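Colleague: I have a fold open on my screen and would like to learn how to read it with you. Could you take me through it feature by feature?

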Amino acid sequence: MAREPREGGRGRDRDQRQDREGDDLVDKLVTINRVAKVVKGGRRFAFAALVVVGDQKGRVGYGAGKAREVPEAIRKATERAKRGMIRVPMKEGRTLHHDAAGHFGAGKVVLRSAEAGTGIIAGGPMRAVFESLGINDVVAKSLGTRNPHNMVKATFAALERCASPRSVANRRGKKVSDILGKREQVAEGADV
């Protein structure tokens, strides 16, 4: 029983919209791993890729893909990363608003906001996330595993916990000045 194609082409419109949004995205290859499947005739090799995609303006996503060829695995991972992007609030467009911790499996990470000019002090997989996100000043430490997949997922768990003072104020039904205090709000300016 074959299905007939539906009218309207909603899927095609969605793909075109993603292409328009995806023009300014930066993708970073975190790791490629060769994996083997043992079959009757021997081993079949495939490649697993982990990719981080971001617009360097506060949106970032990660994806994993597996295929028989490296370029195909990277393409699959990039598509998954574009589908699962999150928005992270940034302070002054360069760092986090507050310190955050996250974990996934045995991977634990601690992210700390930093002064201007500090740079990105982080390990390989976390560095790729911050560069794609557009954060310029951050100090990060990975505790536990060195597995790139778990490190990236733990970093995303920490980034999802980050909140801007404006969102916290809205959630509590207060003003931003009540949350930050008078002097800090003047220093923050309009970038809250």
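Modeller: Gladly, and keep in mind that this is a predicted model. Let us begin with Gly84, which counts as partly exposed because its relative accessibility is 38%. The residue sits in the loop between α2 (70-83) and β4.

Colleague: How far apart are Gly84 and Gly63 in sequence and in space?

Modeller: They are 21 residues apart in sequence, and their C-alpha atoms are 7.7 Å apart in space. Gly63 is also the bridge partner, in β3, of Val51.

Colleague: That brings us to sheets. What is the general idea behind strand pairing?

Modeller: Strands of a sheet pair through backbone hydrogen bonds, and the pairing is either parallel or antiparallel. Here, 4 strands make an open sheet in the order β1-β2-β3-β4, with antiparallel pairing.

Colleague: Which strands stand at the edges of that sheet, and why is one side of each left without a neighbour?

Modeller: The edge strands are β1 and β4 (86-87); each has a single partner strand, so one side of each lacks a neighbour in the sheet.

Colleague: How many bridges join β1 to β2?

Modeller: There are 13 bridges between β1 and β2, which run antiparallel. The two strands form a hairpin with 2 residues between them. To follow the register, look at Lys28, which stands opposite Val52 in β2.

Colleague: And what about the next pair, β2 and β3?

Modeller: Strand β2 (residues 42-54) pairs with strand β3 (residues 59-67) over 8 bridges, again in the antiparallel sense.

Colleague: Now backbone angles. What should I expect for phi?

Modeller: As a general guide, most residues other than glycine have a negative phi. In this model, Gln56 is not a glycine, yet its phi is positive, at about 60 degrees. Gln56 lies in the loop between β2 and β3. Glu92 is another non-glycine residue with a positive phi, of about 55 degrees, and its place is the loop between β4 and β5.

Colleague: Are these two residues buried or exposed?

Modeller: Gln56 is partly exposed, because its relative accessible area is 42%. Glu92 counts as partly exposed too, because its relative accessibility is 36%.

Colleague: Where can I see a glycine with a positive phi?

Modeller: Look at Gly105, in the hairpin of β5 and β6, where phi is positive and near 60 degrees. That hairpin has 2 residues between its strands.

Colleague: How do the strands around that hairpin pair?

Modeller: Strand β5 (residues 100-104) pairs with strand β6 (residues 107-113) in the antiparallel sense, over 5 bridges. Within this pair, Gly102 has Val109 of β6 as its bridge partner. β6 is also joined by 7 bridges to strand β8 (residues 138-144), and these two run antiparallel. In that pairing, Arg112 stands opposite Val139 in β8.

Colleague: One last feature: the surface. Which residues gather in a patch of positive charge?

Modeller: The patch on the surface is made by Lys37, Arg44, Lys66 and Arg68. Take Lys37 as the example: it lies in strand β1 (residues 26-39).

Colleague: Why does Lys37 count as exposed?

Modeller: Exposed means over 50% relative accessible area, and Lys37 counts as exposed because its relative accessibility is 55%.

Terms used. Residues are numbered from 1 along each chain as its sequence is written. This is a predicted model: local features need pLDDT of at least 70, side-chain atom pairs count only at pLDDT 80 or more; totals for chains, interfaces and linings use all residues. Side-chain values use heavy atoms; hydrogens and water are left out. Patches are made of residues with over 30% relative accessible area and no salt bridge: like charges are joined within 9 Å, nonpolar side chains (Val, Leu, Ile, Met, Phe, Trp, Tyr) within 5 Å. Accessible areas come from the Shrake-Rupley method with a 1.4 Å probe; for residues, only the protein chains shown count as cover. A salt bridge is a side-chain nitrogen of Lys or Arg within 4 Å of a carboxyl oxygen of Asp or Glu. Lys and Arg count as positive and Asp and Glu as negative; His and the chain ends are not counted. The place of a charge is taken as NZ of Lys, CZ of Arg, CG of Asp or CD of Glu. Buried means under 20% relative accessible area, exposed over 50%, partly exposed in between (1.4 Å probe, protein chains only). Two strands pair if DSSP finds at least two bridges between them.
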